[in-house]
Amino acid sequence: MNSKRPVNLDLSTIHFPLPALTSITHRITGVILFVGLIFAFWALGKSLSSPAGFDAVSHTLADNFLAKLIAWGLLSALAFHFVAGIKHLFMDADFGVTLEGGVKKAKMTVVISAVLIILAGVWVW
């Protein structure tokens, strides 16, 4: 099949609207959370294994920069994914499905997520 339609394969020239970016980021944070469960379950298992394991995980999260960064990254992904998930629930209930409503909800998602991510950073660091 030979199509006469133009093909744009240069992704750097495509400019997505904010609702599309928040939706794509929602999917990416879901993958990050899925992979991050490896770290979370390891830390949970180690901390529940014995008092010494709990102390090891506690000291690692308190002293190790990489562990703090992973914890903050997982909390950030969780915050954005949660807020974007609530946005999708509102869309499923037919609230704000217009173009203006979608942009407004996407802006609210970014702002609320940013506040939660900053609060998570203050809590972890």
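Student: In which helix is S47 found?

Tutor: S47 is found in helix α1, which covers residues 18–49. Keep in mind throughout that this is a predicted model.

Student: Why is S47 called buried?

Tutor: The relative accessibility of S47 is 16%. Buried means under 20%, so S47 counts as buried.

Student: What is S47 in contact with, leaving aside its neighbours within four places in sequence?

Tutor: S47 is in contact with G53, F54 and V57. Contact here requires heavy atoms within 4.5 Å.

Student: What does the secondary structure of the protein come to, and how do the elements run from the N terminus?

Tutor: There are four helices and zero strands. The order from the N terminus on is α-α-α-α.

Student: How do you know that the protein is more spread out than a compact globule?

Tutor: For 125 residues the globule rule gives 14 Å, whereas the radius of gyration of the protein is 20 Å. The value is well over the rule, so the protein is more spread out than a compact globule. Along the principal axes, the C-alpha atoms fill a box of roughly 65 × 35 × 25 Å.

Student: How much of the protein is buried, and what area does the protein expose?

Tutor: Buried residues account for 25% of the 125 residues. The exposed area is about 9200 Å², with 75% of it supplied by carbon and sulfur atoms.

Student: Among contacts between residues at least 6 apart in sequence, what share joins residues at least 24 apart?

Tutor: That share is 71%.

Student: Turning to helix α3, why does S76 count as buried?

Tutor: S76 is found in helix α3, residues 65–92. Its relative accessibility is 11%; the cut-off for buried is under 20%, so S76 counts as buried.

Student: What does the side chain of S76 reach?

Tutor: The side chain of S76 reaches the backbone oxygen of W72 at 2.7 Å. A polar contact needs N or O atoms within 3.5 Å, and the 2.7 Å of this pair falls within that limit.

Student: K87 lies in helix α3 too. Why is K87 called buried?

Tutor: The relative accessible area of K87 is 6%. Set against the cut-off of under 20%, that value makes K87 buried.

Student: Which residues is K87 in contact with, leaving aside its neighbours within four places in sequence?

Tutor: The residues in contact with K87 are P19, T22, S23, K105, A106 and T109. With T22 there is also a polar contact of 3.0 Å between the side chains. For K87 and L9, 78 residues apart along the chain, the C-alpha atoms are separated by 30 Å.

Student: What makes D63 exposed?

Tutor: D63 has a relative accessible area of 63%. Exposed means over 50%, so D63 is exposed. D63 is found in helix α2, residues 51–63. The C-alpha atoms of D63 and F16 are separated by 40 Å, and these residues are 47 apart along the chain.

Student: L61 is found in helix α2 as well. Why does L61 count as partly exposed?

Tutor: The relative accessibility of L61 is 36%. Partly exposed lies between the 20% and 50% cut-offs, so L61 counts as partly exposed.

Student: What is L61 in contact with, leaving aside its neighbours within four places in sequence, and how far is its C-alpha atom from that of W125?

Tutor: L61 is in contact with F39, A67, K68 and A71. Between L61 and W125 the C-alpha atoms are separated by 9.7 Å, with these positions 64 residues apart in chain numbering.

Student: Where is D94, and why does D94 count as exposed?

Tutor: D94 is in the loop between α3 and α4, the latter being residues 99–124. Its relative accessibility is 60%; exposed means over 50%, so D94 counts as exposed.

Student: What is phi of D94?

Tutor: Phi of D94 is near 65 degrees, a positive value in a residue other than glycine. Most residues other than glycine have a negative phi.

Methods: Residues numbered from 1 in each chain as written. Predicted model: local features only at pLDDT ≥ 70, side-chain atom pairs only at ≥ 80, totals over all residues. Heavy atoms only, no water. Helix = DSSP H or I, 4+ residues; strand = E, 2+ residues; numbered from the N terminus. Buried < 20%, exposed > 50% of the residue type's maximum accessible area, 1.4 Å probe, protein only. Polar contact = N/O pair within 3.5 Å; in protein donor to acceptor, adjacent residues only side chain to side chain. Rg over C-alpha atoms; globule rule 2.2 N^0.38 Å. Areas by Shrake-Rupley, 256 points an atom, 1.4 Å probe, with all protein chains shown as cover.
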